[in-house]
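Q: I have a model open and would like to go through it with you, starting with terms and then the parts worth a look. Can we begin there?

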Amino acid sequence: MEKNEHPFDFSLVFIVFLFSIISFLSISTAQEFGQYNENFLVKQIAWYIVGCGIILAVMYFDMEQIERMQWFAYGFAMLLLIFLILAPESIARPVNGAKSWFQIPGIGSLQPSELSKIALILTLSHLISAHHEKYALRDLKSDFLLLSKMGLATFALIAIIMQQPDLGTSLVLIAIFSGLILVSGISWKVIVPIFLFMSTVGCLLIYFIVFQPDILSIIGVKQYQLGRIYAWLSPEEFKEGDGYHLYQSMLAIGSGLITGKEASLGNVHLPEGHTDFIFSVIGEKYGFVGASFVISLYFLLIYRIISLSLDVKDPFSSYICTGVISMIAFHVFQNAGMTIGLLPITGIPLPFISYGGSSMISNMLALGLVFSISIRNKKYFFDRE
């Protein structure tokens with residue numbers, strides 16, 4: 001017998017509401033730098049309204065309908081990425097060496113690779129759930145088959161995205177892939193060697209970046225990407241060049257101290273303060289207390305989605321929750337980490353807070369899936385608590 005509970009998770013609504021307030025306040029502060037003449041606050045409010053509409057639209061569909069559409073979503077994302085590469089510069093102008101955005105009059109720029117994150121979450125979730133339905137008895141052979149299907153779906157997208165090139169989005173896709181592997185039921189005898197191999201490759205890349213950078217240029221790594229690594233390793237040495245953003249970010253966060261800096265003391269100039277470095281603005285304006293509150297809010301959001309993923313009975317829905325958690329968690333860790341020098345700068349925005357229509361659409365699509373799962377999740381009196 002079903003419990004008489006209201007299925008809608010108002011705690012998630014409240015969390016998103018808090019994120020919107022933080023985003024509006026932070027972008028308003030970032031605009032004081034005067035780098036641009038646009039009113040990003042008004043645009044962010046508009047994108048939040050669009051995002052709420054996206055959530056409501058996605059909530060209309062149940063998981064069975066969404067699962068039937070996942071290959072369409074994957075194919076659409078793939079076609080958009082290919083079209084972006086082939087599109088003329090009049091509608092897809094390269095920015096900082098990357099051809100990652102469509103220029104749409106009246107709207108601005110849209111980044112199609114953001115949609116690939118949601119498409120990958122849906123596709124990998126479907127592959128895992130469908131595989132386990134077909135192979136009830138699991139062995140190493142079936143595990144390798146599932147890993148191969150997941151790897152093909154993931155790295156086909158990454159291969160196209162790296163033609164832009166867009167390292168940040170590629171890393172997010174790898175994070176989604178890794179998160180879903182961990183819950184896919186694949187034997188640790190398969191997973192451990194894979195992650196050891198990836199760790200070895202990572203260590204080799206670091207070695208080549210530091211000691212043999214010419215080899216990386218042969219395989220397509222751009223000089224500006226190497227500059228970001230060098231600036232990360234020694235921000236003060238490169239503070240007048242590639243390390244300028246990181247050095248200013250660390251200076252801004254450090255000047256915020258515990259409770260933030262008074263406006264009369266003046267702001268540290270932060271390029272891209274309304275987008276990639278919005279966490280630096282928060283750290284400067286509201287100090288350690290404000291930055292900690294924001295991080296805690298993300299932990300609360302992730303906790304609510306984890307609780308939902310453990311509660312749902314449908315494996316496809318549970319895997320979607322895991323993919324959304326992986327995407328958000330990596331975004332937060334990478335963005336906050338790069339602003340304090342813990343990680344290299346990759347241009348990954350802070351979810352729900354950084355200005356940007358493309359990232360807002362992607363994040364709201366993800367939340368729409370979570371809300372759709374939440375309102376259709378039923379509990380029963382005889383469920384084990």
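A: Before the loops and helices come up, one term has to be settled: helices here are DSSP runs of H or I with at least four residues, strands are E runs of at least two, and both are numbered from the N terminus. With that in place, Phe352 can be located in the loop between α13 (315–339) and α14 (357–375). Please keep in mind that this is a predicted model.

Q: What is the phi of Phe352 like?
A: Phe352 has a positive phi of about 70°, although it is not a glycine.

Q: And is Phe352 buried or exposed?
A: Phe352 is buried, with a relative accessible area of 2%.

Q: Which residue in the loop between α11 and α12 should I look at?
A: Leu257 is found in that loop, which follows α11 (244–255). Leu257 also has a positive phi, of about 50°, and is likewise not a glycine, but Leu257 is exposed, with a relative accessible area of 64%.

Q: Back to Phe352, then: which residue of α14 touches it?
A: Met364, which is found in helix α14, touches Phe352 as well as Val16, Tyr48, Gly51, Ile54 and Ile55, not counting residues up to four places away in sequence. Met364 counts as buried, at 0% relative accessibility.

Q: How far apart are Met364 and Ile55?
A: They are 309 residues apart in sequence, while in space the separation is 5.9 Å from C-alpha to C-alpha.

Q: And over the whole protein, what share of contacts links residues 24 or more positions apart?
A: Of the contacts with a separation of 6 or more, 70% are between residues 24 or more positions apart. Buried residues make up 48% of the 385 residues, and the secondary structure comes to 14 helices and 2 strands.

Q: Switching to helix packing, how do α1 and α12 cross?
A: The axes of helix α1 (residues 10–30) and helix α12 (residues 278–311) come within 11 Å and cross at roughly 165°, and that makes α1 roughly antiparallel to α12. The crossing of these two helices is left-handed.

Q: Which residues make that contact?
A: On the α1 side they include Leu12, Ile15, Leu18, Phe19 and Ile22, and on the α12 side Val281, Ile282, Phe293, Val294 and Leu297 are among them. By class, the contact of α1 with α12 has 18 nonpolar, 3 polar and 2 charged residues.

Q: What about α5 and α13?
A: The axes of helix α5 (residues 113–134) and α13 come within 9 Å and cross at roughly 145°, and this crossing is right-handed. Residues of α5 including Ile118, Ile121, Leu122 and His126 meet residues of α13 that include Phe316, Tyr319, Gly323 and Met327. The residues of this contact divide into 10 nonpolar, 6 polar and 1 charged.

Q: Last topic, confidence: what is the average pLDDT?
A: The protein averages a pLDDT of 84, and 88% of the residues score at least 70. Among the elements, α13 has the highest mean pLDDT, at 94, whereas helix α9 (residues 213–218) has the lowest, at 65. Over residues 1–6 the pLDDT is below 50, and beyond near neighbours in sequence this stretch has 13 contacts in the model.

Terms used: Residues are numbered from 1 along each chain as its sequence is written. This is a predicted model: local features need pLDDT of at least 70, side-chain atom pairs count only at pLDDT 80 or more; totals for chains, interfaces and linings use all residues. Side-chain values use heavy atoms; hydrogens and water are left out. Axes are lines fitted to C-alpha atoms, for helices over the stretch in contact, and angles run from 0 to 180 degrees between N-to-C directions. Angles under 35 degrees count as roughly parallel, over 145 as roughly antiparallel, 65 to 115 as roughly perpendicular and the rest as oblique. A crossing is left-handed if the near helix is turned anticlockwise from the far one by less than a right angle, and right-handed if clockwise. Contact means heavy atoms within 4.5 Å. Ala, Val, Leu, Ile, Met, Phe, Trp, Tyr, Cys and Pro count as nonpolar, Asp, Glu, Lys and Arg as charged, and the others, Gly among them, as polar. Buried means under 20% relative accessible area, exposed over 50%, partly exposed in between (1.4 Å probe, protein chains only). pLDDT is the predictor's confidence in each residue, from 0 to 100.
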